[in-house]
Amino acid sequence: MLLAAGRGERMRPLTDSTPKPLLRVRGKPLIDWHALALARGGFNALVINTAWLGEQISSHFDLQPRQDGSEQLSISYSHEGTDFGGALETAGGIARALPLLDEVFWVLASDVFVPDFEFSQDAVSRFVASNKLAHLWLVPNPGHNPRGDFGLSPDGLALNLPVAAAGPRFTYSTIGLYRRAFFSALPFGNPQGLKTPLAPLLRAAMDNQCVSAELYEGAWTDVGTPARLDELNQEPTP
């Protein structure tokens with residue numbers, strides 16, 4: 001599932017007329033980097049949730065010529081803006097899309113840039129064989145999130161550490177593997193359009209030792225401001 005429903009307030013005025021996932025990094029819309037990486041890993045069935053300017057996202061995939069492997073993709077949409085007048089936040093949006101998703105599925109935000117991440121079948125197999133409800137990829141803390149989000153135990157558990165706790169905390173990359181059961185506290189398919197954030201659900205599951213994690217130290221950028229977008233576009237394409 002590619003999360004693409006946000007308004008992108010910090011990216012204005014760029015996002016006044018273009019949804020953030022369609023902003024270009026090194027000549028390619030952000031969301032295309034993810035779609036093509038998933039296709040390379042053999043994950044060809046995508047679900048994309050939309051709200052702000054969502055029709056542009058569906059038109060981008062449905063009307064433009066496919067290339068670079070994207071012709072392999074089968075894409076479904078969860079149009080939160082059409083159905084409920086706006087985005088349902090992360091957990092609410094995923095719960096809305098659950099009928100379109102398998103028992104185990106990837107989730108990632110379409111507004112991060114992580115060009116070298118490998119979406120592997122082995123990662124899915126390891127997760128399926130575990131007893132965890134979610135597996136997260138954490139990254140070293142960027143300058144805009146110096147305190148991080150979650151801890152990481154030596155045996156690979158994600159930890160709900162208080163800010164003042166001993167031990168390092170890392171930033172959630174927005175990339176994770178989830179089971180449908182992770183969202184069992186919400187109505188299946190979220191028919192009422194409940195707006196629900198993801199972090200409280202993650203923290204509660206961590207407290208029950210139900211979330212594993214690993215550290216990813218490759219290139220990763222949360223493209224949250226025009227300055228970060230400009231910086232990426234000034235760097236040479238690998």
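**Pockets and a sheet in a predicted model**

Tutor: Strand 11 gives three residues to the lining of the largest pocket, the most of any element. Keep in mind that this is a predicted model.

Student: What makes a residue part of that lining, and which ones lie nearest the centre of the largest pocket?

Tutor: A lining residue has an atom within 4 Å of a pocket point. For the largest pocket, 32 residues line it, and Leu3, Thr90, Ala109, Asp111 and Thr174 lie nearest its centre. Two or more lining residues come from each of strand 1 (2-4), helix 4 (89-97), strand 11 (171-179) and helix 6 (199-207). The space in there is about 920 Å³.

Student: How do you know what classes of residue line the largest pocket?

Tutor: Ala and Leu count as nonpolar, Asp as charged and Thr as polar. Sorted that way, the lining has 14 nonpolar, nine polar and nine charged residues.

Student: And what about the second largest pocket, how much space lies there?

Tutor: About 340 Å³. Its lining has 18 residues, with Ala45, Leu101, Asp102, Val104 and Phe105 nearest the centre. Strand 4 (45-50), strand 5 (74-79) and strand 6 (104-109) each give two or more. By class, that lining splits into 13 nonpolar, four polar and one charged.

Student: Why are strand 1 and strand 6 called a pair?

Tutor: Pairing takes at least two bridges. Two bridges join strand 1 to strand 6, so they count as a pair, and they run parallel. Within it, Leu2 stands opposite Leu108 in strand 6.

Student: What makes strand 5 and strand 12 the edge strands?

Tutor: Look at the order first: seven strands form an open sheet, 5-4-1-6-11-8-12, with mixed pairing. Strand 5 and strand 12 (211-215) each pair on one side only. From one strand to the next, the twist averages 25°.

Student: Which strands does helix 5 lie across?

Tutor: Helix 5 (residues 121-129) lies across strand 6, strand 8 (134-139) and strand 11, and it runs at about 65° to strand 11.

Student: How many helices and strands does the chain have, and why is it called as compact as a globular protein of that length?

Tutor: Seven helices and 13 strands. The radius of gyration is 17 Å, and the globule rule gives 18 Å for 238 residues; those are close, so the chain is as compact as a globular protein of that length. Along the principal axes, the C-alpha trace spans about 45 × 40 × 35 Å.

Technical notes
Residues are numbered from 1 along each chain as its sequence is written. This is a predicted model: local features need pLDDT of at least 70, side-chain atom pairs count only at pLDDT 80 or more; totals for chains, interfaces and linings use all residues. Side-chain values use heavy atoms; hydrogens and water are left out. On a 1 Å grid over the protein atoms alone, a cavity is a set of points where a 1.4 Å probe fits but cannot get out, and a pocket is an open set with protein on both sides within 12 Å along at least five of seven lines; lining residues have an atom within 4 Å of a point. Grid points are joined across faces, edges and corners, and a volume is the space filled by probe spheres set on the points. Helices (H or I, at least four residues) and strands (E, at least two) are DSSP runs, numbered from the N terminus. Axes are lines fitted to C-alpha atoms, for helices over the stretch in contact, and angles run from 0 to 180 degrees between N-to-C directions. Contact means heavy atoms within 4.5 Å. The radius of gyration is taken over C-alpha atoms; the globule rule is 2.2 Å times the number of residues to the power 0.38.
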